[in-house]
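Visitor: Could you walk me through this model and tell me how each label is earned?
Guide: Sure, let's take a look together.

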Amino acid sequence: MSAHENVVEVRDLRKTYGDVAAVDGISFEIHRGETFALLGPNGAGKSTTIEILEGYRERTSGEVRVLGTDPWRASLDWKARLGIVLQSSGETGAVTVREQLSHFAALYPNPRDVDEVIAAVGLEHKANSLIRKLSGGQRRRVDVAVGIIGRPELLFLDEPTTGFDPEARRSFWQLVRTLQSEGTTIVLTTHYLDEAAQLGDRAGVIAGGRMVDIAPIDSLGGADARIPIVRWVEGGEAREERTATPGAFVASLIARLGPEPENLEVFRPSLEDVYLDLVGHEHAADLGQEVAS
Ligand SMILES: Nc1ncnc2c1ncn2[C@@H]1O[C@H](COP(=O)(O)OP(=O)(O)OP(=O)(O)O)[C@@H](O)[C@H]1O
């Protein structure tokens, strides 16, 4: 069996801030050409991990290799092979969209065409607008454009679609699919589980600085996580049964309780259910906020 080429290799990574272990001994690999989603609640350690991979933050201990190099000791040539879309750029921009992209394009050895990138992020009609006059979602698209202008081998997308309207998210996903088809390796952090499911090949779930699961997205939580659940109320009490044969189980309930068991429902746990189980229900409120915003 041929081994995957690892673009990212992390072994027992730790990062402490005083007494706080922001990242507490995580290990994972990312293969060339895959999209790896890093999931986890607020404060889980995702940004710290990503910033260490990008070479922005020094680790406390552990082994890290990104494109074969230790990011903390990497050269500018190495940096030119990465594309980075930070959580927020703080970009106020007294320049136009086209000027900004031309500026960044000039820093790379083999940049993409500026106008093609502007079109890819759907900003053709804003190419000559000052960045500070754009809406929040439009500025975010400029961040994405800057991230891909250098034709990166490895692209980091840290909550890329926060603030996008639904249509803009769909077109962003389309853009990511194009990058995937060109062979770009992508590290994505997101609180939108549908985004992870749409774009990710595998996901790592971090909680409290530890990797609680790492698997292809549709296998997260293990084989049993998506076994259907039957819920009903019996004698005033909520009951629940996990069963691979829900039809037969409901038939047995009907035989016992009559044709309409109270509050009967049968459902297969969604990715969100599996995720919440993995990170613990105390984090459900964080996710709720993200979904609602
Ligand atoms: N510069 C810092 N100094 C001290 N503590 C920090 C620093 N940066 C992060 N932390 C702490 O480390 C932990 C992990 O933070 P991190 O930003 O990596 O989480 P995250 O998973 O990216 O969260 P979010 O989803 O909110 O972006 C948190 O407890 C945070 O308060």
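**The core and what surrounds it**

Guide: Let's start inside: the largest nonpolar core has 62 residues, and Val117, Ala145 and Val205 have the most contacts within it. Helix H5 (residues 136-148) gives the largest share of this core, 5 residues. By the way, this is a predicted model, where local features need pLDDT of at least 70, side-chain atom pairs count only at pLDDT 80 or more, and totals for chains, interfaces and linings use all residues. Residue numbers run from 1 along each chain as its sequence is written.

Visitor: What makes a set of residues a nonpolar core?
Guide: The members are buried Ala, Val, Leu, Ile, Met, Phe, Trp, Tyr and Cys residues, joined through C-beta atoms within 7 Å. Ala145, for one, touches Leu101, Val117, Ile118 and Val121, leaving aside residues up to four places away in sequence. Touching, or contact, means C-beta atoms, placed from the backbone, within 7 Å.

Visitor: Why is Glu159 called buried or exposed?
Guide: Buried takes 20 or more other C-beta atoms within 10 Å of a residue's own, exposed takes 12 or fewer, and partly exposed is in between, with C-beta atoms placed from the backbone. Glu159 has 20 C-beta neighbours inside 10 Å, so Glu159 counts as buried. Its place is the loop between strand S6 (154-158) and helix H6 (166-181).

Visitor: And why does Asp12 count as buried or exposed?
Guide: Asp12 has 12 C-beta neighbours inside 10 Å, so Asp12 counts as exposed. Asp12 sits in strand S1 (residues 6-17), and has a positive phi of about 50° although it is not a glycine.

Visitor: What makes a stretch a helix or a strand?
Guide: Both are DSSP runs, numbered from the N terminus: helices are H or I with at least four residues, strands are E with at least two.

Visitor: How do you know that the span of H8 agrees with what it should be?
Guide: The expected span is 1.5 Å times one less than the number of residues. For the 12 residues of H8 (residues 246-257) that should give 16 Å, and the end C-alpha atoms are 16 Å apart, so the two agree. Gly258 follows H8, with a positive phi near 100°.

Visitor: Which domains are there?
Guide: The domain assignment gives domain 1 (32-56 + 76-217) and domain 2 (223-292); such bounds come from an automatic or database assignment. Their centres, taken over C-alpha atoms, are 36 Å apart, and 11 residues of domain 1 are in contact with 10 residues of domain 2.

Methods:
Two residues are in contact if their C-beta atoms, placed from the backbone, lie within 7 Å.
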